[in-house]
Amino acid sequence: MSVITHARAMLVDIPVETVRTDAVQSFLKQETIVVDLDTDDGTPGRGYAYTIGTGGRAVLSMLRDHLLPAVIGQDVCRPEAIWLHAFSQTRATTVGAITSLALAAIDTAVWDARCRRDGEPLWRAAGGSNPEVPLYDTEGGWLHIDTSTLVANTVAARDGGWHGSKLKVGSPDPRRDVERLAAVRASVGEGYRLMVDANQGLTLADARALARAIEPSGISWLEEPLPADDVSAHARLVESTSIPIAVGESLYSVAQFKEYLVRDAATIVQPDVARVGGITPWLKIAHLAEAFNVPVAPHFLMELHVSLVAAVPNGRIVEYIPQLRAVTTADLRVTDGRTVAPDEPGIGISWDDDALEDLRVL
């Protein structure tokens, strides 16, 4: 046993490393909620969750007022028990983003402590499928970037060994999206993966029209084409296009993923470990998708998702968007567009305590 004796949380604002825009929003800062656990045998655990600009204080209040007191006395060697115990304190506010983010901050801290106590890295403790993980680039494909720069960024990513690039779509004039994508494909050639992401900005009719227009460009997936709560529209879109449909960054529970999979409404799932409530439910989603022969390509949080994709057999690829470099002492080591999951005990993030304190808000 390794019993939690103290639990605390703080809110840290991390500035974005580059301008990030999509069809519906701009990413101005990462509100990062950090949870630290102390245990009776001296094993520490640190976890986190995030928002992209609003809601961080609400998550912090949920933790401080309700969830952190509830985990005192719990054994970090039993993450399932701790997750269910914490979840039981929040039934009036689930399923919802604030609660899921708060649960994730605790759950990742629990897994960090458990892995440290056992002397294992997360990727092994969570399954140990394959430590080598391919990466794709998103930073060069934001919606505000002009076409010539978009082309240059994608060519540079291809030449740098990346395994694909993601381009944002959802311009007021859809012809701009089609023309930009065609220009990129003509420049990078047929063998390089291109993904597109609409960030829930389309109607079903618009998504069908866009899919028809971009099919000749050989797209690896069309991501979040429609509002995430419209499962039936996604199912109809899947039936109408040969382009794989990727969904998941805006879903918050295992059951929501189940609905998509049962109804054949997604051909790639993209669970975000913070938004689904932590590592414990993330693994359930990955194994559920495996049962449907559906790959996992998670959203954002590459620093955590590298280890989780390495843990499961249907982990496909990780999105490269560096966001923790301001508060960590080590970055992913990338060679030919691949990285190896961190092998030190814990969740694999080397935090810079002084930097966290400098950027702390509450």
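## Largest cavity

In this predicted model, the lining of the largest cavity divides by class into 6 nonpolar, 5 polar and 8 charged residues. The space enclosed by the largest cavity is about 210 Å³. Its lining comprises 19 residues, and those nearest the centre are D22, F27, W142, E249 and H299.

The cavity count for the model, at 30 Å³ or more, is 2.

## Second largest cavity

The second largest cavity holds about 30 Å³ of space. Its lining consists of L150, L167, K168, V169, D177, R180, L181 and V196. Two elements, β5 (165-168) and α6 (174-188), give two or more residues to this lining. The largest share comes from α6, with 3 residues.

By class, the lining of the second largest cavity has 5 nonpolar and 3 charged residues, with no polar ones. The lining of the largest cavity, by contrast, includes 5 polar residues.

## Largest pocket

The largest pocket contains about 360 Å³ of space. A total of 21 residues line the largest pocket, and Q25, T51, I52, T54 and R275 lie nearest its centre. Strand β3 (45-51) and helix α3 (97-118) each contribute at least two residues to the lining. Helix α3 gives the most, namely 3 residues.

The classes represented in the lining of the largest pocket are 8 nonpolar, 9 polar and 4 charged residues.

## Second largest pocket

About 280 Å³ of space lies in the second largest pocket. Its lining is made up of 17 residues, with A330, D331, L332, P342 and G348 nearest the centre. The lining of the second largest pocket has 7 nonpolar, 4 polar and 6 charged residues.

## Packing of α2 with α3

Two packed helices are described by the angle between their axes and the distance between the axes. For α2 and α3, the angle is about 160 degrees and the axes are 10 Å apart. Helix α2 is therefore roughly antiparallel to α3, since an angle over 145 degrees falls in that category. The crossing of α2 past α3 is right-handed.

On the α2 side, the contact is made by P79, I82, W83, A86 and F87, and on the α3 side by L103, I106, D107, V110, W111 and R114. These residues divide into 9 nonpolar and 2 charged, with no polar member.

## Packing of α3 with α10

Helix α3 also packs with α10, at an angle of about 90 degrees and with the axes 8 Å apart. This angle makes α3 roughly perpendicular to α10, because the range for that category is 65 to 115 degrees. The contact joins D107, T108 and W111 of α3 to I279, T280, P281 and L283 of α10. By class, the contact of α3 with α10 has 4 nonpolar, 2 polar and 1 charged residues.

Residues D107 and W111 of α3 take part in the contact with α10, and D107 and W111 also appear in the contact of α2 with α3.

## Packing of α10 with α11

Helix α10 (residues 279-291) packs against helix α11 (residues 302-311) at about 45 degrees, with an axis separation of 11 Å. The angle makes α10 oblique to α11. Helix α10 passes α11 in a right-handed crossing.

Residues I279, W282 and L283 of α10 meet H305, L308 and V309 of α11. The contact of α10 with α11 has 5 nonpolar residues and 1 polar residue, and no charged residue. Both I279 and L283 in this contact are likewise among the α10 residues in contact with α3.

## Backbone exceptions

Most residues other than glycine have a negative phi, and most peptide bonds are trans. The peptide bond from T94 to V95 is cis, with omega near -5 degrees. Residue V95 is located in the loop between α2 (79-88) and α3, the two helices whose axes are 10 Å apart.

Residue E224, which is not a glycine, has a positive phi near 40 degrees. The position of E224 is in the loop between β7 (221-223) and α8 (231-240).

Conventions:
Residues numbered from 1 in each chain as written. Predicted model: local features only at pLDDT ≥ 70, side-chain atom pairs only at ≥ 80, totals over all residues. Heavy atoms only, no water. Axes fitted to C-alpha atoms, helices over the stretch in contact; angles between N-to-C directions. Helix = DSSP H or I, 4+ residues; strand = E, 2+ residues; numbered from the N terminus. Parallel < 35°, antiparallel > 145°, perpendicular 65-115°, else oblique. Left-handed = near helix turned anticlockwise from the far one by under 90°. Contact = heavy atoms within 4.5 Å. Nonpolar A, V, L, I, M, F, W, Y, C, P; charged D, E, K, R; others polar. 1 Å grid on protein atoms, 1.4 Å probe; cavity = no way out; pocket = protein on both sides within 12 Å on 5 of 7 lines; lining within 4 Å. Points joined across faces, edges and corners; volume = space filled by probe spheres on them.
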